[in-house]
Amino acid sequence: MPIVTVQLTREGTGPGLDRVTAEQKAAIFKGMSQVLLDVLGKPLDWTWVVFEEVEMENWGWGGMPVADYRKLLAARDG
């Protein structure tokens, strides 16, 4: 029985949104399960997909808060 954990920062994916929508999560549940069926032959009803949404200030990247690191990347790519 596969268990897939999807960790995301809790932030909007579009105007007026502050988190991943139920529809987006449903599409990810379906897609992750389908990959395990296609690649490993695991039946859809054997696969668990779990979302863990993390506040952005609790997520670090490159030795700094993720928001600061994104600003650094944007300035480099600017």
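A salt bridge is a side-chain nitrogen of Lys or Arg within 4 Å of a carboxyl oxygen of Asp or Glu. The exercises below concern a predicted model.

**Exercise 1.** Decide whether the side chains of Glu11 and Arg70 meet in a salt bridge or stay apart, and place both residues in the fold.

*Solution.* Step 1: the N to O distance for Glu11 and Arg70 is 2.9 Å, and the cut-off is 4 Å, so the pair counts as a salt bridge. Step 2: Glu11 belongs to the loop between strand 1 and helix 1 (22-40), while Arg70 is part of helix 2 (residues 66-77), so the bridge ties together parts 59 residues apart in sequence. Step 3: Glu11 has 24% relative accessibility and counts as partly exposed; Arg70, at 34%, is also partly exposed.

**Exercise 2.** Classify Lys25 and Glu53 as buried or exposed, and state which elements their salt bridge links.

*Solution.* Step 1: the closest N and O atoms of Lys25 and Glu53 are 3.0 Å apart, in a salt bridge. Step 2: Lys25 sits in helix 1 and Glu53 in strand 2, 28 residues apart. Step 3: both Lys25 and Glu53 are buried.

**Exercise 3.** List the residues of the largest nonpolar core and the elements that give two or more of them.

*Solution.* Step 1: the core has 5 residues, namely Val4, Val6, Leu36, Val49 and Phe51. Step 2: strand 1 (3-10) and strand 2 (48-55) each give two or more residues to this core. Step 3: beyond its neighbours within four places in sequence, Leu36 is in contact with Pro2, Val4, Gly41, Lys42 and Thr47.

Methods:
Residues are numbered from 1 along each chain as its sequence is written. This is a predicted model: local features need pLDDT of at least 70, side-chain atom pairs count only at pLDDT 80 or more; totals for chains, interfaces and linings use all residues. Side-chain values use heavy atoms; hydrogens and water are left out. A nonpolar core is a set of buried Ala, Val, Leu, Ile, Met, Phe, Trp, Tyr and Cys residues joined through side-chain atoms within 4.5 Å. Buried means under 20% relative accessible area, exposed over 50%, partly exposed in between (1.4 Å probe, protein chains only). Helices (H or I, at least four residues) and strands (E, at least two) are DSSP runs, numbered from the N terminus. Contact means heavy atoms within 4.5 Å.
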